[in-house]
Amino acid sequence: MSDSEEETKQNTDPVDNAWSLKIPAFRQEDNPHGMVEESSFATLFPKYREKYLREVWPLVEQCVAEHQLKAELDLVEGSMVVKTTRKTWDPYIIIKSRDMIKLMARSVPFEQAKRVLQDDIGCDIIKIGNLVHKKEKFVKRRQRLIGPNGATLKSIELLTDCYVLVQGNTVSALGPYKGLQQVRDIVLETMNNVHPIYNIKALMIKRELMKDPKLANEDWSRFLPKFKNKNISKRKQPKAKKPKKEYTPFPPAQPESKIDKQLASGEYFLNQEQKQAKRNQERSAKQADAAKKQDERRNKDFVPPTEEAPNRKRQAEDSSSSKVDVKALKAKLVKANKKSKS
């Protein structure tokens with residue numbers, strides 16, 4: 001069995017930690033015949049990036065030339081183009097260069113964007129514009145991701161080893177692939193109203209737990225912070241809530257019409273004079289009732305209040321307490337005079 005066959009057999013074995021594997025370098029000897037067809041990618045850039053791109057474009061051309069690529073800057077259309085040449089031997093470098101010009105169009109500086117050409121570095125442009133409907137909420141949550149003086153963004157960069165840039169409706173991330181996954185999770189949860197400090201704390205705890213070999217095969221969920229949503233619905237609750245009626249499959253009874261009510265009371269069979277007399281009688285009864293209530297209201301102030309009946313037991317106690325013991329008082333005065341003389 002040759003050495004190459006042994007290597008392929010080792011690579012097919014199951015791996016405990018895939019992140020620990022090193023990506024084998026792709027060399028020119030692996031593709032001696034080069035590319036069959038020419039590939040090109042173009043990306044538009046905003047007007048405010050034109051000045052910066054014009055300054056750094058010689059460096060961009062020099063950087064892509066090292067990988068046998070060609071770069072063009074069209075200031076009329078406002079686009080950047082990268083192309084393969086006949087000397088290009090790496091088939092994936094054109095995808096990497098496309099990511100580089102995309103990052104530069106999203107205001108990432110060239111010094112950071114050129115790192116994406118490395119094999120172990122990737123990029124992710126996260127769209128956050130359509131995650132929040134209200135503009136005010138969107139601006140607040142985006143600012144929450146940046147933090148005061150960019151402190152939150154800096155802590156995310158240190159924990160994930162990624163370069164992160166918040167620009168408009170997108171978040172551009174550049175770094176190792178594991179860190180890009182973590183950045184995407186933090187950004188999406190932040191836009192879903194979960195503060196980034198929870199994820200930052202979780203990453204810090206995980207980093208410390210990774211150092212302990214005893215906890216390698218244990219569940220870490222008990223160490224991680226748990227987020228509880230404390231938002232209460234701000235909808236105004238009605239003062240008097242109507243109780244829900246019990247569900248019945250039968251439709252409600254048909255309401256009685258005016259004729260049905262007259263038939264039930266017997267008014268339907270009366271002639272016009274009798275109906276008028278009945279109305280007059282009801283009207284006079286209402287007037288009498290109203291006059292009676294009005295008289296009660298007027299005479300309310302002239303009604304004397306009810307007095308409580310005298311309590312004989314209480315009067316007897318008061319009279320007994322009012323009696324004075326003369327002998328005891330006399331003895332007390334004599335004793336006081338003797339003390340004053342002595």
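1. A residue counts as partly exposed when its relative accessible area falls between the buried limit, under 20%, and the exposed limit, over 50%. Tyr268 has a relative accessible area of 43%, so Tyr268 is partly exposed. Keep in mind that this is a predicted model.

2. Where does Tyr268 lie? Its place is the loop between α9 (258-265) and α10 (272-298). Tyr268 also belongs to a nonpolar patch on the surface. The other members are Ile259, Leu263 and Phe269. Together the four residues have about 440 Å² of accessible area.

3. Now the sheet. Three strands make an open sheet in the order β4-β6-β5. The pairing is antiparallel. The edge strands are β4 (122-127) and β5 (163-167), and each of them pairs on one side only. On average, neighbouring strands of this sheet are turned by 15 degrees against each other, direction ignored.

4. Look at the β5 and β6 pair. Strand β6 covers residues 170-175, and five bridges join β6 to β5 in the antiparallel sense. Gln167 stands opposite Thr170 in β6. The two strands form a hairpin, with two residues between them. Gly168 sits in that turn and has a positive phi of about 65 degrees.

5. Is β5 mostly covered or mostly open? It is mostly covered: four of its five residues are buried. As a general point on strands, side chains alternate between the two faces of the sheet when the strand is regular.

6. Two helices lie across the strands. Helix α3 (residues 93-105) lies across β4 and β6. It runs at about 45 degrees to β4. Helix α7 (residues 177-191) lies across β4, β5 and β6. The angle of α7 to β4 is about 10 degrees.

7. Cys162 deserves its own point. This residue is in the loop between α6 (151-160) and β5. Is Cys162 buried or exposed? Its relative accessible area is 5%, so Cys162 is buried. The cut-off for buried is under 20%.

8. What is Cys162 in contact with, leaving aside neighbours within four places in sequence? The list is Glu157, Leu174, Gly175, Pro176, Gly179, Leu180 and Val183. Of these, Leu174 and Gly175 fall within β6, residues 170-175. Gly179, Leu180 and Val183 fall within α7, residues 177-191. Cys162 and Gly179 are 17 residues apart along the chain, and their C-alpha atoms are separated by 6.2 Å.

Notes
Residues numbered from 1 in each chain as written. Predicted model: local features only at pLDDT ≥ 70, side-chain atom pairs only at ≥ 80, totals over all residues. Heavy atoms only, no water. Patch = residues over 30% accessible without salt bridge, like charges linked within 9 Å, V, L, I, M, F, W, Y side chains within 5 Å. Areas by Shrake-Rupley, 256 points an atom, 1.4 Å probe, with all protein chains shown as cover. Salt bridge = Lys/Arg side-chain N within 4 Å of Asp/Glu carboxyl O. Buried < 20%, exposed > 50% of the residue type's maximum accessible area, 1.4 Å probe, protein only. Pairing = 2+ DSSP bridges. Axes fitted to C-alpha atoms, helices over the stretch in contact; angles between N-to-C directions. Contact = heavy atoms within 4.5 Å.
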